Structure formats: C-alpha cells, structure tokens
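Got your viewer open? Load the model and follow along, one selection at a time.

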Amino acid sequence: MKKIILSFVAIFFSVVFVSGQQIQISSATDFAKIGVDANYPLNGNYIQTADFNLGNITDVVVGKLNGETWEYESFTGTYDGGGFTITYSAVFPIDSYAEYGLFSINQGTIKNLKLVANVSLSGQALDLGLLCGLNEGVISNCEIVSGSIVVPQSGGAKYTGLLV
C-alpha cells in the first residue's frame with residue numbers, strides 16, 4: 001500500500017512540475033512558435049530571456065486566424081517579458097474587423113515586457129494596439145519604450161491604443 005501511495009505522489013508531482021514549467025523565449029524564432037508549434041501552446045507559461053527584434057511583420061504574431069471560424073485565437077497563458085524588450089515594425093494591410101497587435105487577443109497574463117514598435121494600418125481593423133488588439137486578461141508592468149501607430153483617415157481602426 002505504501003508503495004502505491006508513494007508512486008501516486010511521485011506521478012502527481014511530476015505532472016504538476018511539467019505543467020507549470022516555463023518555456024524560455026530568447027529569439028524572434030522562439031516567439032513566432034507560440035500558438036503554432038505544439039510545444040508552444042497558446043495557454044503556455046513563457047519567460048523571455050533576452051531582447052530581440054521581430055523585424056517587419058504583416059500579421060499578428062501570437063493568436064493566428066482560425067481558418068474554420070475566421071476568428072483569431074486568444075492567448076490564454078502567461079508571458080513574462082522578464083524586463084526585456086521586443087522590437088518590431090508592422091504594416092497590417094488586411095481589410096477586416098479583427099484585432100491586430102503583437103498578440104491578437106489576450107485572455108491570459110502579459111507582464112514585465114518592454115516594446116519598441118511602429119505600426120501602420122493600411123486597411124481596416126476593429127481593435128489595434130502595439131501589444132495586443134484586445135485585452136480580456138491581465139497586463140501588468142508593460143511599457144512602450146518607443147512607438148507609434150499610423151491609421152488611414154478613412155477606415156482605420158474602431159479602437160486604437162498604444163498598449164491595447
């Protein structure tokens with residue numbers, strides 16, 4: 001009986017440890033895997049370990065468009081920027097009523113992150129922000145070190161903000 005209980009306790013602690021494990025993000029390549037690679041799920045627990053530059057992007061990075069529902073998938077995990085910076089520029093050309101930003105929709109926690117970002121919108125969007133298009137979660141201790149958003153006079157975004 002003691003052996004069975006000890007085996008159960010060992011299995012329980014192994015499962016808890018693995019599920020709570022932080023996934024390290026140290027480059028633009030790592031960041032781009034979130035929500036795309038099975039080892040980088042949208043509900044994962046992430047820690048950024050270095051500054052990096054995403055370069056020029058043309059779509060949200062985290063929370064890809066679901067081709068069946070035509071809705072962006074939400075980030076529901078935890079992203080701890082560790083006080084490091086993500087730099088990027090973007091031109092979102094698509095005419096759609098969607099959420100655009102580094103994260104499309106946040107329903108998780110994003111914290112301790114710095115951004116240097118410049119975004120232009122050439123079409124229409126419902127929500128536009130440098131960090132995320134729509135926040136339904138928690139954002140704490142995040143800052144825009146430098147950033148701008150340019151929207152067209154006609155169309156543009158219904159809701160626009162620097163962070164969200």
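**Stop one: Phe31 and its neighbours**

Select Phe31 and look at what it touches: leaving out residues up to four places away in sequence, its contacts are Ile25, Phe52, Leu54, Val61, Val62, Tyr79, Ile86, Leu102 and Phe103. Keep in mind that this is a predicted model.

**Stop two: the core around it**

Now widen the selection to the largest nonpolar core, which has 34 residues. Phe31, Tyr79 and Phe103 are the ones with the most contacts inside this core. Next, colour strand S3 (52-57), strand S8 (85-92), S10 and strand S12 (114-121), since each of them supplies at least two residues of the core. As background, nonpolar side chains in soluble globular proteins tend to be buried together.

**Stop three: along S10**

Stay on strand S10, which spans residues 103-106, and pick Ser104. Is Ser104 buried or exposed? Ser104 is buried: its relative accessible area is 0%, and the cut-off for that label is under 20%. Then add Gly63 to the selection: its C-alpha lies 5.4 Å from that of Ser104, though the two residues are 41 apart along the chain.

**Stop four: zoom out**

Switch to a cartoon and you'll find two helices and 17 strands. Of the protein's 164 residues, 35% are buried. Take the contacts between residues at least 6 apart in sequence: 78% of them join residues at least 24 apart. Finally, turn on the surface, where the protein exposes about 8,800 Å², with 55% of that supplied by carbon and sulfur atoms.

Definitions and conventions
Residues numbered from 1 in each chain as written. Predicted model: local features only at pLDDT ≥ 70, side-chain atom pairs only at ≥ 80, totals over all residues. Heavy atoms only, no water. Helix = DSSP H or I, 4+ residues; strand = E, 2+ residues; numbered from the N terminus. Buried < 20%, exposed > 50% of the residue type's maximum accessible area, 1.4 Å probe, protein only. Contact = heavy atoms within 4.5 Å. Areas by Shrake-Rupley, 256 points an atom, 1.4 Å probe, with all protein chains shown as cover. Core = buried A, V, L, I, M, F, W, Y, C linked by side-chain atoms within 4.5 Å.
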